[in-house]
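Let's take a friendly walk through a protein chain, starting with the overall picture and ending at a single residue. Have a look at the model first.

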Amino acid sequence: MIIIVIVMVIAALAVRQVFNRSLRPVDADDHQRVEVVIDRGATDKQVAAQLKKKGLIRSSLVFDYYLQTHKSDGVKAGRFVLRRSMSTPQLVSRLQNTHYAHHR
């Protein structure tokens, strides 16, 4: 029984480590601007897939989960200038703020 508990604790710590790593910037030294256009009505999963395709996030699954648990008003439609040096929390904050959305 003790072995099962130890294995479960190790597994939980490993999952937490992977989750926390996925929240970090893809490349903290890459400050190049990446333009992302979020269409009106885009789902959170579509936004996550787009950011993953552009190389802005490490995991679309972790991004989507973080967005669901830290949602204020949701992702805004518009054109955003983002960077690979931004963490998932920074990206979510930027995408939920109308100040940063440049409408087409």
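The chain in this predicted model has 4 helices and 2 strands. Reading from the N terminus, you meet these elements in the order α-β-α-α-β-α.

Here are some values for the chain as a whole.

| Property of the chain | Value |
|---|---|
| Box filled by the C-alpha atoms, along the principal axes | roughly 60 × 30 × 20 Å |
| Accessible surface | about 6,900 Å² |
| Distance between the centres of the positive and negative side-chain sets | 1 Å |

Of the chain's 104 residues, 36% count as buried. Carbon and sulfur atoms make up 56% of the accessible surface. As for charge, the chain carries 17 positive and 8 negative side chains. Contacts across the sequence are part of the picture too: among those with a separation of 6 or more, 63% join residues that are 24 or more positions apart.

Now let's zoom in on one residue. Where does Arg84 lie? Look in the loop that links strand S2 (78-83) to helix H4 (88-95).

Is Arg84 buried or exposed? Its relative accessibility is 26%, and because buried means under 20% and exposed means over 50%, Arg84 counts as partly exposed.

Which residues does Arg84 touch, leaving aside those up to four places away in sequence? They are Pro25, Val26, Asp27, Asp30, Gln32, Gly55 and Leu56. You can also find Ala28 in the model: Arg84 and Ala28 are 56 residues apart in sequence, while their C-alpha atoms are 6.8 Å apart in space.

Technical notes. Residues numbered from 1 in each chain as written. Predicted model: local features only at pLDDT ≥ 70, side-chain atom pairs only at ≥ 80, totals over all residues. Heavy atoms only, no water. Buried < 20%, exposed > 50% of the residue type's maximum accessible area, 1.4 Å probe, protein only. Contact = heavy atoms within 4.5 Å. Areas by Shrake-Rupley, 256 points an atom, 1.4 Å probe, with all protein chains shown as cover. Lys, Arg positive; Asp, Glu negative; His and termini not counted. Charge placed at Lys NZ, Arg CZ, Asp CG, Glu CD.
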